[in-house]
Amino acid sequence: MSQDLQKIIAGRRAAEFVQNDMVVGIGSGSTIAHVINALGERVANENLNIVGVATSEKTRRNAAQLGIPMHNVDDVDKIDLTIDGADQIADDFSAIKGGGAALLWEKIVAFNSRENIWVVDASKRVPKLNQYLPVEVIPYGSDQLFKRFKSGGFHPTWRLDQNGNPVRTDSANFLIDLHLPIIESPRLLGDELIKMVGVVEHGLFTDVVDRVIIGNENNVVDILE
Ligand code: DER
């Protein structure tokens, strides 16, 4: 089964966890696009009554175009359920997120949610986290921070757009991707990174997820944390 088919079946299964009258945090990325499509169909065909809270401007636009009412995170009392993707999910249910440049809003929405579901294709599951780690940084002083990452052995690269310019997040910050060997302790590394002056947030998500839905070769597998 292709990776995109795995994303589709996982995304549609995740959308089934959304109930009427929920405030739903809606993640970012290509897998979540299938969740948004499924929710849009339910709003149109079942009169599903929900309010969406976006984790990126792109998600806000896509969901609104499909008829999902979207509110800002500060305009709702609480988010009942957030459904998001991930770049990698380890056996201890820590994750690396931020491949889609939305990690800061994703983490804000996740930490203001009663329940979090991650939905991924099978390729995202790994024993331990070992892919590049996005870090969102304030532009002012970011060159100095980049040099500090380099001297600290974090093997940093700038997240650049197709024109070779630094990507700007929805909060107008830059992204520096760190290229590390296997991340043995995501919590310890996250605690180290967040203390560095100029770091806004990092893409290590620990102690967040309640349920992981994986599209695999056979069918969708629900795993409770
Ligand atoms: O940035 C993120 O964490 C997004 O959820 C995204 O990177 C997920 O990847 P996908 O496009 O394969 O769903």
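This is a short walk through one protein chain, going from its overall form to a small sheet and then to a few single residues.

Please keep in mind throughout that what we are looking at is a predicted model. Let me begin with the chain as a whole, whose secondary structure comes to six helices and 14 strands. For 225 residues, a compact globule would be expected to have a radius of gyration near 17 Å, and since the chain has 17 Å, the two agree. Along the principal axes, the C-alpha trace spans about 55 × 35 × 35 Å. Of the 225 residues, 52% count as buried, and if we take the contacts with a separation of 6 or more, 74% of them are accounted for by residues 24 or more positions apart.

Turning to the surface, the accessible area of the chain is about 10600 Å², and carbon and sulfur atoms make up 49% of that. As for charge, there are 22 positive and 31 negative side chains, and the centres of these two sets lie 4 Å apart.

Now to the small sheet. It is an open sheet of three strands, in the order β5-β6-β12, and the pairing is antiparallel. The edges are formed by β5, residues 88-89, and β12, residues 204-205, each of which pairs on one side only. Between β6, which covers residues 95-96, and β12 there are two bridges, and within this pairing I96 has L204 of β12 as its bridge partner.

L204 also leads us to a helix, because which residues does G190 touch, once those up to four places away in sequence are set aside? They are H202 and L204. G190 itself sits in helix α6, residues 186-194, and it counts as buried because its relative accessibility is 3%, where the cut-off is under 20%. Although G190 and L204 are 14 residues apart along the chain, their C-alpha atoms are separated by 6.2 Å.

Finally, I would like to point out two loop residues with a positive phi. N47, which is not a glycine, has a phi near 55°, and this residue lies in the loop between α2, residues 30-46, and β2, residues 51-54. D207, again not a glycine, has a positive phi of about 55°, and its place is in the loop between β12 and β13, the latter being residues 211-215. Are these residues buried or exposed? N47 counts as exposed at 62% relative accessibility, and D207 is exposed as well, with a relative accessible area of 54%.

Methods:
Residues numbered from 1 in each chain as written. Predicted model: local features only at pLDDT ≥ 70, side-chain atom pairs only at ≥ 80, totals over all residues. Heavy atoms only, no water. Helix = DSSP H or I, 4+ residues; strand = E, 2+ residues; numbered from the N terminus. Rg over C-alpha atoms; globule rule 2.2 N^0.38 Å. Buried < 20%, exposed > 50% of the residue type's maximum accessible area, 1.4 Å probe, protein only. Contact = heavy atoms within 4.5 Å. Areas by Shrake-Rupley, 256 points an atom, 1.4 Å probe, with all protein chains shown as cover. Lys, Arg positive; Asp, Glu negative; His and termini not counted. Charge placed at Lys NZ, Arg CZ, Asp CG, Glu CD. Pairing = 2+ DSSP bridges.
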